[in-house]
Structures are given as structure tokens and as C-alpha cells.
Amino acid sequence: MVEQRDLDIIFNNPIDWEKFRNKTVLVTGATGRLGMYMVEAMNKADIDWNLNLNILALARNKRKLCQVFGNSLELPNVHTIVQDITEPIHWEGEIHYIFHTAGAASPQDFTETPVDTLWGHVQGTRNVLELAKEKNSQRILYVSTVEIYGEWKSDTGICENDMGPIFCDNERACYPEAKRLCETMLASYEAQYGIPYVGVRLCHTFGPGISLEDGRAFSEFIRNVIEGKDIVLQTDGSAVRTYTYVADAIGAMFLAFTRGKESYYNIANLENLISIRDLANLIAGLDPKRKTQVRYANQEKQNLHYLPFKLGIMNIDRIKNLGWRAQVGLEDAFRYTLESFQQRSEQ
């Protein structure tokens, strides 16, 4: 379940919830770290303002749907669709809006199943767009990534109309190239079939609900603290990233969806800018038992396919102009995330 604290963060944004009145909304990837927040936020808005909103939560695993949403699934306005996103989506009634979050996005996916990662995004997005065409949907929100910008060597922030090179002749490109193609698909379906959309491009978004086994650096750091192990850096840790707490990102997405007039919006908390090395030390410092230390591995033994270049920092003027301000700093964000796993282990 999503904490009330996180719902308060989402609702502390000038979101136009009236846009959801009498609407049916499909959320793909509903049990993921983004989808679960979208479903719970819309459910709260429906209850608070009597919106007559129907929510369709699509995920592959019925058991996980029950674990994530619990009693919410008993509400008359919440419905489940249990299937893989790579299969055609069927629903008898109307679907006015689609929030498309489904798709593999971790170094473990890129390393072990690059073909599945590629087709999961491409076929899944095609199925969403075909469904939107069939239902004459009014708008799609698509969750994209900073990685579509490719290699960025300038010190200036990346704006939504910028683009850098991506070397496509390696399996690691399965993710950013699939995301680029999905963005082209959205533009093509809008041009040919008139399906409106808005996209958001995220950079390292995390919080309760993340997987600790997906190979991402921050996930591994948190898992090491929970298990009482040292954090082992696979690089010198000099790469700098921005980290956005999931509730902050979800608030920005609802703002882009309800008030945005542009095709894409960058979402990142620029206040949470930190190197991998400093992040490792910050997370190690959250260990209540003070057991976790930070050390360095032999880089020749690195197994997972991490990003082969340093990401640029995104310009976020567009989303800020809609009234968005990040509310959660780095230490609180990782503390909230760590506490969510500790509480789960105590249950």
C-alpha cells in the first residue's frame, strides 16, 4: 500500500483532478513502482471528490495485484486485467485515458534478456496504441527515459528538443532504442489516427515498491544495507546522477497529463544531484546497525551492462512552469525507501 505521506506529496501539486470525472483510466504495469502510485492516487481522488472514476489496473500477476493493492481491489471502481503487455489488450467498455508504465528497465533486464526487453517495450506500446485506436481514447501518458537523449557532452541541461547519439550495435541499446521507437510510434499514431498523448522522461526515479534485485546501483546499495553487507562499487563512482523520489515524480506526471500542452516533459529533482560514490556513502550511513561499509571491486569482473557513458542533466523548466516543485530531498527519499523494506520484513 502507498503511504499517506506519499499521497500527500502527490496531492500537494496543482493537478486538475476534474479531468478524471466520469472517466475510465487504464494503468499498465500497475504493480510497478510507478503504476501502483498512479492507481492509489486516482483512487484517493475519486473518493475525495466523488469523480465517478473507473480504474483498470493491468499487470501480469494476480497475486502481486492482491499484495500491492489489498482491500482497494474490493472497491467497485477498481478493476483488474491480468495479462502480459505483449498480448493484445481486451476490455469490453470505454477507455478514455491510458497511463502506460509497463516495460523492463533495469541493467539485469538488459544483460539477461535484451530481446525480451526490446519487444516488451515495442510490442507493449503497439498494443496500447491499438487499444487506444479501438476505444477512441482521449489521451495517453507515456513514461519514457532520459536515456533516449543518448550521449550528452555539454554542461548545459538537456531540453526536450535535444538529442545525442546512441550506439545501436550492442545489446545494451535494447532499452534506449526501444524507447526512441516507442516515442516515434506515439507520434505516428497521433498523426495517422488522431490519438493525443503526452510523454514524460524520467531520470533515476525510486521509492517504496522498487525491486532490490534489478541490478540498479541504488537498489543494490539499499539491499546491502538491509542484508548487513558492504556496498561494493563497480566503478570509481564519479558519475553524477539526479534522483527523484517516486511521489514527486508521480505528482509531476499528473500535472503534465492534466495541464501540459507540450508533447514531452523532463522530470528530475535537480536538488538531488550526487555522485555514485557519495550516494553509496549516504545510503551506508542510513544503516541503523552501522555495519555497511563502502569499498571498490575489480572493474574487470563487472558483469552487468551499465550505461556506457555519463548521462547529462535534464532541463526541467517545462514541468516547473506547470507549477511542479520537488518536495523530497535525497536523505529523506532513501530513508523512506529503506524503511518501507524494513517494515515489510517485520510483518
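**Figure 1. Asn266 and its surroundings in strand β11.** In this predicted model, Asn266 belongs to strand β11, which spans residues 264–267. Asn266 has a relative accessible area of 0% and is therefore buried, since the term applies to values under 20%. A polar atom of the Asn266 side chain lies 2.9 Å from the backbone oxygen of Asn315. Apart from neighbours within four places in sequence, the residues in contact with Asn266 are Tyr149, Ile158, Cys159, Glu160, Arg201, Met314, Asn315, Ile316 and Ile319. Asn315 thus appears both in this list of contacts and as the owner of the backbone oxygen at 2.9 Å.

**Figure 2. Strand β5 and its two pairing partners, β4 and β6.** Strand β5 comprises residues 139–145, and 7 of its 7 residues are buried, so the strand is largely enclosed by the rest of the structure. Arg139, Leu141, Val143 and Thr145 point one way from β5, whereas Ile140, Tyr142 and Ser144 point the other way; the residues of both sets are buried. Strand β4 (residues 97–100) pairs with β5 in the parallel sense over 4 bridges. In this pairing, Tyr97 stands opposite Arg139 of β5. Strand β6 (residues 197–202) also runs parallel to β5, and 6 bridges join the two strands. Here Ile140 has Tyr197 of β6 as its bridge partner.

**Figure 3. The packing of helix α1 against helix α2.** Helix α1 covers residues 4–11 and helix α2 covers residues 35–49; their axes lie 11 Å apart and the helices pack at an angle of about 75 degrees. Because angles from 65 to 115 degrees count as roughly perpendicular, α1 and α2 are described in that way. On the α1 side, the contact is made by Gln4, Asp6, Leu7, Ile10 and Phe11, and on the α2 side by Tyr37, Glu40, Ala41, Lys44, Ala45 and Trp49. These contact residues divide into 7 nonpolar, 1 polar and 3 charged.

**Figure 4. Asn52 and Asn136, two loop residues with positive phi.** Asn52 is placed in the loop between α2 and β2 (54–59). Its phi is near 55 degrees, a positive value in a residue other than glycine. Asn52 has a relative accessibility of 51% and therefore counts as exposed, for which the value must be over 50%. Asn136 is placed in the loop between α5 (114–135) and β5. Asn136 likewise has a positive phi, near 55 degrees, although it is not a glycine. With a relative accessibility of 64%, Asn136 also counts as exposed.

How values were computed. Residues are numbered from 1 along each chain as its sequence is written. This is a predicted model: local features need pLDDT of at least 70, side-chain atom pairs count only at pLDDT 80 or more; totals for chains, interfaces and linings use all residues. Side-chain values use heavy atoms; hydrogens and water are left out. Axes are lines fitted to C-alpha atoms, for helices over the stretch in contact, and angles run from 0 to 180 degrees between N-to-C directions. Angles under 35 degrees count as roughly parallel, over 145 as roughly antiparallel, 65 to 115 as roughly perpendicular and the rest as oblique. Contact means heavy atoms within 4.5 Å. Ala, Val, Leu, Ile, Met, Phe, Trp, Tyr, Cys and Pro count as nonpolar, Asp, Glu, Lys and Arg as charged, and the others, Gly among them, as polar. Buried means under 20% relative accessible area, exposed over 50%, partly exposed in between (1.4 Å probe, protein chains only). A polar contact is a pair of N or O atoms within 3.5 Å; within protein, one must be able to donate a hydrogen and the other to accept it, and residues adjacent in sequence count only if both atoms are side-chain atoms. Two strands pair if DSSP finds at least two bridges between them.
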